[in-house]
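Me: I should like to work through this structure by means of questions and reasoned answers. Please begin once the sequence and the model are in view.

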Amino acid sequence: MPINRPARTLAAACLVAATLLGVAPRPAAALEPPRPLPDHRPTFVTETDTRPWVDCLWASAAMLADKWTNGQVQVTHGELRRLSGDAQGGSSFEEMQVALRKLGLPFELNANGDSPLTWNAFLARLRHGAGAVVLGDDGQLPRWYGRWDYRFWRKKGAEDNHAVYVERYDRRRGRVWIMDPLARGEWKGEWISIHALRRFAWFKGGYVVAVTTPTAQAAPFAGVVAEKPQVGISVSAVTATWRLQAPRRWTYPGGDLHVSITPAADPIAGAIASARISTRTTADAAPEQPTAGVSGRTLRLSAAIPTEPGVYTASLSLTDRRFGSRFVASDPVAVFVPGARRATVRLNVHGRFLNAGDDVRINVSVANTGEDTWAETVRADDEGTVRQRSTRVVATWVRLDPPTGDAAATDRATADAAAAAPGAAPVPLVVELRRVPLAPG
């Protein structure tokens, strides 16, 4: 691609008529700044899909953005040029800086608009997983690397100015991976020696003319496995703990705790959902603010429960601060916040195994642990009428795994046949056990 010196400027012979797709940066306040993952490889971007071939800087920058964001930002070279506002004339790192800032990918240049990286600092970044856009002279590459456009490769001076994308520094073999925008099709790149890349690259004031991503870093919870959570409920707090299996050198990077405690639309349904989850009663005090922390290899999330009496559904989850990905989440559990009128129920089922259609003996102990009496009382409302409170204990059969499809049709047919049978007794949904007029205690 022809470019004009000074070294930091790439010439743009014409406008590229590309449609800007409106790529917006991520909310900067919510997540940490983006940086590459160690194993992410960008998708190759060619400049040869439009003519004339003048977008080597922008095609290389598109691969840089892909590397930087682990594929979350993928744009064409034309879109990047439009974002930069470069309609004609030279394309430089300064225009590239404008475009990438709009994508939430800022990088620094010195006062002259050049890179502040020495050659050794540049290689150190590549060695630690960064990607880079490097400017230089295509004619200085070995002949094999000029095969994509030998006519361009044979040019000299300002006519062979070019930009390439490089990454993956193999220090032992003295090579890096190059992705040349002049290549075509599904090409994924190839190795080039450090000496050949150095001959290609421009230098200015002792600094290599290149822009790099931040160095790579593994995802916050990479290699960490959370076992099934244990949910605890006290009179004032709900907690969830997970045992973690993690790499030996892993340390807790922090995370964002999300607490959901909402009034239950159906208290019975909430209780049924909780019956499937192993919960325990704890003596945990309510934290002033929701908390998340790791001690040893145990992750613990905690939040205060509401003080307003009612039935609530509570769940806790933790997301990482880099990608916003959810790491763990507890299943919703019912939380009962008693008021002045309260009951404590203890249930004991006789027999370890239950058979369908058999009788089952159940003992239920009920205590008034609130402040108000359960006794039937006579009270007058504002209109002078009399109302009587009726306290009952009822048992309700609720199917935990409601059938669907063919199974549901079979169950309905069986129920219809049983109902039609002579002398068939209906199955009660609610059974009144006895009246319990009890005072507190």
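Reply: The model shown here is predicted. One residue to begin with is Arg-101, which is partly exposed, since its relative accessible area is 41%.

Me: With which residue does Arg-101 form a salt bridge?
Reply: A salt bridge requires a side-chain nitrogen of Lys or Arg within 4 Å of a carboxyl oxygen of Asp or Glu. The closest N and O atoms of Arg-101 and its partner are 3.8 Å apart. That partner is exposed, with a relative accessible area of 59%. The residue is Glu-108.

Me: How many salt bridges does a search of the whole structure find?
Reply: The pair of Glu-108 and Arg-101 is a salt bridge, and so is the pair of Arg-168 and Glu-167, with closest N and O atoms 3.0 Å apart. For the whole structure, the search finds 11.

Me: Is Glu-167 buried or exposed?
Reply: Its salt-bridge partner, Arg-168, is partly exposed, with a relative accessible area of 25%. A residue counts as buried under 20% relative accessible area. Glu-167 has a relative accessibility of 0%, and therefore the answer is buried.

Me: How many residues apart in sequence are the parts that Arg-300 and Asp-284 tie together?
Reply: Arg-300 and Asp-284 form a salt bridge whose closest N and O atoms are 3.2 Å apart. Arg-300 lies in strand 16, whereas Asp-284 lies in the loop between strand 14 and strand 15, so the parts tied together are apart in sequence by 16 residues.

Me: What are the relative accessible areas of Arg-300 and Asp-284?
Reply: Both residues belong to the salt bridge just described. Arg-300 is partly exposed at 34%. Asp-284 is also partly exposed, and its value is 22%.

Me: Which residues are joined into one network by salt bridges that share partners?
Reply: Glu-167 and Arg-168 form a salt bridge with each other. Through shared partners, salt bridges place these two in one network with two further residues. The members of the network are Arg-41, Lys-67, Glu-167 and Arg-168.

Me: Within what arc do the buried residues of helix 4 fall?
Reply: The buried residues of helix 4, which covers residues 119–127, are Trp-119, Phe-122, Leu-123 and Leu-126. Seen down the axis of helix 4, they line one face, because they fall within an arc of 95 degrees.

Me: Why can residues three or four places apart in an α-helix point the same way?
Reply: The helix turns as the chain advances, and the answer rests on the number of residues in each turn. Residues three or four places apart point the same way because an α-helix has, for each turn, 3.6 residues.

Me: Which residue with a positive phi follows helix 4?
Reply: Helix 4 covers residues 119–127. The residue that follows it has a phi near 90 degrees. It is Gly-129.

Me: How many of the nine residues of strand 12 are buried?
Reply: Strand 12 covers residues 237–245. It is largely enclosed by the rest of the structure, because the number of its residues that are buried is seven.

Me: Over how many bridges do strand 12 and strand 16 pair?
Reply: Strand 12 pairs in the antiparallel sense with strand 10 over two bridges and with strand 11 over four bridges. Strand 11 and strand 12 form a hairpin with three residues between them. Strand 12 and strand 16 also pair in the antiparallel sense, and Thr-241 stands opposite Arg-300 in strand 16. The number of bridges between strand 12 and strand 16 is seven.

Me: Which residue has its backbone oxygen 2.6 Å from a polar atom of the side chain of Thr-46?
Reply: Thr-46 lies in the loop between strand 1 and helix 1 and is buried, with a relative accessible area of 15%. A polar contact of 2.7 Å joins its side chain to that of Thr-48. Beyond its neighbours within four places in sequence, Thr-46 has contacts that include His-77 and Pro-181. The backbone oxygen in question belongs to Ala-183.

Me: Over which residues does pLDDT stay under 50?
Reply: The mean pLDDT of the protein chain is 82. Among its elements, strand 1 has the lowest mean, 35, and strand 5 the highest, 97. Where pLDDT is low, the predicted coordinates should not be read in detail. The stretch with pLDDT under 50 is residues 2–29.

Key
Residues numbered from 1 in each chain as written. Predicted model: local features only at pLDDT ≥ 70, side-chain atom pairs only at ≥ 80, totals over all residues. Heavy atoms only, no water. pLDDT = per-residue confidence, 0-100. Contact = heavy atoms within 4.5 Å. Buried < 20%, exposed > 50% of the residue type's maximum accessible area, 1.4 Å probe, protein only. Arc of directions from axis to C-beta. Pairing = 2+ DSSP bridges. Polar contact = N/O pair within 3.5 Å; in protein donor to acceptor, adjacent residues only side chain to side chain.
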